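Reader: I would like to practise reading ring pairs and hairpins in a model. Could you walk me through it?

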Amino acid sequence: MSELVMALGGGAAVFVLWRLVRPRVDPAGDLYALAVSDFGAGAGSDAQAADLHHWQALGRFDFAVTDTERHQAVLRAALAELGPMCMATLHAPREVGGRVEVRVGGHRVGFLFDGDASRFQRRLAYESRPGQTSQCGARIVEAVEGNRQTMTILLDLKPFRH
């Protein structure tokens, strides 16, 4: 029985240490922070920096934006102007259930998926910020599908839970 308790305690200690050390070990973290600080909070945005809620930088960029097909020209211009690392502004309506618009450099580049949009709005409401415009890091990515090149944008947001 004492071996089981020691194994569980050791596993818990390793997990806690891993959670504490993981963000500091990320090699892209310093580059991400530099890219975000160089871009600036208010550059190319139609909202004032004081009115924005800034999401914590994670450096993961695994949160996809939908409806980017119609905004390929804007994404190409943003990639040329800002580079692959930039800041995205998320415009959420006050009521849960509306579409959350994603903008880069003041131009619409897509929307959050419907389910993600409602979870995003609930997260804003939970943090006492319903409908507030917010900002997070973003990465513009080129993808080749056959002989066609498409652009997409990935947000640096923590995945939403149900």
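Author: Gladly; we will take the aromatic rings, then a hairpin, then one residue in it. Keep in mind that this is a predicted model.

Reader: How many aromatic pairs does a search of the whole structure find, and how is such a pair described?

Author: A pair of aromatic rings is described by the distance of the centres and the angle of the planes. Here the search of the whole structure turns up one pair. Trp-55 and Phe-120 make it, with 5.7 Å centre to centre and 50° between the planes, and the pair counts as tilted. Trp-55 sits in the loop between strands S1 and S2, whereas Phe-120 belongs to helix H4, 65 residues apart.

Reader: Is Phe-120 buried or exposed, and what about Trp-55?

Author: Phe-120 is buried, at a relative accessible area of 0%. Trp-55 is buried too, because its value of 13% falls under the 20% cut-off.

Reader: Now the hairpin: in which sense do S4 and S5 pair?

Author: Strands S4 (residues 101–104) and S5 (residues 107–111) run antiparallel, paired over four bridges. Val-104 faces His-107 of S5. Two residues lie between the strands, and Gly-105 has a positive phi near 60°.

Reader: What does Glu-101 in S4 touch?

Author: Leaving out residues up to four places away in sequence, its contacts include His-91, Arg-108 and Phe-111. The C-alpha atoms of Glu-101 and His-91 are 5.1 Å apart. The Glu-101 side chain also has a polar contact of 2.8 Å with that of Arg-103. Glu-101 is buried, with a relative accessible area of 13%.

Reader: And which residue lies over the face of Phe-111?

Author: Arg-99 does, at 3.8 Å from the ring centre.

Key: Residues are numbered from 1 along each chain as its sequence is written. This is a predicted model: local features need pLDDT of at least 70, side-chain atom pairs count only at pLDDT 80 or more; totals for chains, interfaces and linings use all residues. Side-chain values use heavy atoms; hydrogens and water are left out. Rings of Phe, Tyr and Trp (its six-membered ring) pair if their centres lie within 6.5 Å; planes under 30 degrees apart count as stacked, over 60 as edge-to-face and the rest as tilted. Buried means under 20% relative accessible area, exposed over 50%, partly exposed in between (1.4 Å probe, protein chains only). A charge sits over a ring if NZ of Lys or CZ of Arg is within 6 Å of the ring centre and within 35 degrees of the ring normal. Two strands pair if DSSP finds at least two bridges between them. Contact means heavy atoms within 4.5 Å. A polar contact is a pair of N or O atoms within 3.5 Å; within protein, one must be able to donate a hydrogen and the other to accept it, and residues adjacent in sequence count only if both atoms are side-chain atoms.
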